[in-house]
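Reader: I have the sequence and the fold open in front of me, and I would love a close look at one part. Please start from a single residue and work outward through its surroundings, at whatever pace suits you.

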Amino acid sequence: MDNAILAEIKKKREFSQLPEKDIELAYSQFEKRQATEEEKIKLTKELLRKLFSVFVSKKLLVLKNKEPEWILRKHISTRERLPYYEKLYKRILGNWEKASIIDLGAGINGFSYSFFKKIRINVNYIGVESVGQLVDLTNLHFKTKKLNGKSIHLSLFEKEKVLNIIKKEKKPKIVFMFKVIDALEDLKRDYSKELLLEIAPLVDKVVVSFATKSLGNRRSFKAKRSWILEFIKENFNILDNFEVGGERYIVFGK
C-alpha cells in the first residue's frame with residue numbers, strides 16, 4: 001500500500017488516528033482483488049468502519065470532558081455492559097486486593113475504572129487501543145480524575161510492543177480482551193491464537209469475551225465460536241466460563 005492510498009483512507013476523521021499497521025492489514029484483504037483502486041479503498045474503509053467505529057458515537061471522536069457513564073453509553077458495547085460491570089469485575093478478579101490490568105482493544109473501557117473502586121481492588125489500568133481519539137479521551141479522564149491508569153495508542157498487531165507492555169507491569173496481572181477476537185481474525189487469520197499463546201505465560205489470568213447476542217437488537221447468534229473455545233481448552237487452564245448481559249467470558253491461565 002503506497003502513501004497516497006494511506007493518505008486517502010486517513011482523510012476520514014474516524015480513520016485519521018488509526019495505526020498504519022491496521023490500515024495496511026485491512027487494505028491487504030482486497031489488494032489482489034480484480035477491482036479499481038477506488039473500489040479497493042472503499043472496501044477497506046468499510047472493513048475499518050466495521051472493526052473500529054461502527055458502534056462508536058461520532059461524539060466520542062471529538063474530545064469531551066464528560067462524566068464516565070455518559071461516555072460509556074456512547075459506545076454500544078460498553079453501554080450494554082454498563083449494568084453488569086460491578087458483578088463482572090468482582091467475578092473476574094475474585095478476592096484480589098490489587099491488580100495490573102492490561103486491556104487490549106480497550107476502546108473506552110477505561111471509563112469503567114470506578115467499578116474497581118466499588119469492589120475495593122487497587123488497580124493499575126493500562127489500555128491498549130488503535131483509535132487515537134479514544135486514547136486521548138481516556139487519558140483526559142484519567143488525568144482529570146487523578147486515576148491510576150493510562151491508555152496507549154498502539155495496534156494489537158505490533159505484537160512485540162504489546163508483549164513488552166505486559167512484561168513491564170507488576171503482578172498479579174490480568175489481560176482483558178473484550179470482544180476483540182473477531183476483529184483480529186478479520187485482519188489476520190489465527191493471529192488471536194498466536195497472541196494468546198505468548199500472552200498467557202506472562203500473566204496470572206486472561207479474559208476473552210465475545211457477544212452471544214447481536215448489539216442493538218439483542219438477537220442470539222447462531223455462531224458459537226467453538227474454534228476459539230476448543231483452542232483455549234486444549235492449550236490453557238480454564239478458570240471460569242460464564243455469560244452476563246449477552247456476552248460470554250472465558251477466564252483462563254497458562
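Author: A106 is buried in this predicted model, with a relative accessible area of 9%, which is under the 20% that sets the limit for buried. Its place is the loop that runs between strand 1 and helix 7 (114-118). Setting aside residues up to four places away in sequence, A106 touches Y125, G127, V128 and E129. For a sense of distance, take Y84: A106 and Y84 are 22 residues apart in sequence, and their C-alpha atoms are 17 Å apart in space.

From this loop you can step back into strand 1 itself. Strand 1 (residues 98-104) pairs with strand 2 in the parallel sense, over seven bridges. One bridge to look for joins K98 to N122 in strand 2. In general, strands of a sheet pair through backbone hydrogen bonds, either parallel or antiparallel, and the sheet here has both kinds, since its pairing is mixed. It is an open sheet of seven strands in the order 3-2-1-4-5-7-6. Strand 3 and strand 6 are the edge strands, each of them pairing on one side only. On average, neighbouring strands of this sheet are turned by 15° against each other, with direction ignored.

Let's follow the order toward the strand 6 edge, pausing in strand 5 on the way. S209 is found in strand 5, and at 0% relative accessibility it counts as buried. Beyond its neighbours within four places in sequence, S209 is in contact with M177, F178, K179 and V180, and also with E247, R248 and Y249. M177 is worth a stop of its own. Together with I92, L93 and I199, M177 touches the most other members of the largest nonpolar core, which has 85 residues. The biggest contribution to this core comes from helix 3 (residues 37-53), with six residues. A core of this kind fits a broader pattern: in soluble globular proteins, nonpolar side chains tend to be buried together. Apart from neighbours within four places in sequence, the contacts of M177 are L104, L184, L195, L196, I199, V207, V208 and S209.

Among those contacts, L195, L196 and I199 lead to helix 11 (residues 191-199), where they are buried along with Y191 and S192. These five cover an arc of only 130° around the axis, which puts them on the same side of helix 11. Another helix to find here is helix 6 (residues 85-93), which lies across strand 1, strand 4 (173-178), strand 5 (205-211), strand 6 and strand 7. Helix 6 runs at about 135° to strand 4.

Now for the edge itself. Strand 6 is joined to strand 7 (residues 247-253) by seven bridges, and the two run antiparallel. They form a hairpin with two residues between them, and G245 in the turn has a positive phi of about 60°. Within this pair, N241 stands opposite I250 in strand 7. What of L239, which lies in strand 6 (residues 237-244): where does it sit between buried and exposed? L239 is partly exposed, because its relative accessible area of 44% falls between the 20% and 50% limits. Not counting residues up to four places away in sequence, L239 touches K205, V251, F252 and G253. K161, by comparison, is 78 residues from L239 in sequence and 27 Å from it in space, C-alpha to C-alpha.

Finally, turn to the other end of the sheet, where strand 3 is the edge. Strand 3 (149-153) is part of what covers the buried residues of helix 8, and so are helix 4 (68-72) and strand 2 (122-129). Those buried residues are G132, Q133, L134, V135, L137, T138, H141 and F142. Helix 8 (residues 132-145) has 14 residues, and from its first C-alpha to its last it reaches 20 Å, close to the 20 Å expected at 1.5 Å a residue. K146 follows helix 8 and has a positive phi, near 55°.

Note on methods. Residues are numbered from 1 along each chain as its sequence is written. This is a predicted model: local features need pLDDT of at least 70, side-chain atom pairs count only at pLDDT 80 or more; totals for chains, interfaces and linings use all residues. Side-chain values use heavy atoms; hydrogens and water are left out. A nonpolar core is a set of buried Ala, Val, Leu, Ile, Met, Phe, Trp, Tyr and Cys residues joined through side-chain atoms within 4.5 Å. Buried means under 20% relative accessible area, exposed over 50%, partly exposed in between (1.4 Å probe, protein chains only). Helices (H or I, at least four residues) and strands (E, at least two) are DSSP runs, numbered from the N terminus. Contact means heavy atoms within 4.5 Å. The arc is that of the directions from the helix axis to the C-beta atoms. The expected span of a helix is 1.5 Å times one less than its number of residues. Two strands pair if DSSP finds at least two bridges between them. Axes are lines fitted to C-alpha atoms, for helices over the stretch in contact, and angles run from 0 to 180 degrees between N-to-C directions.
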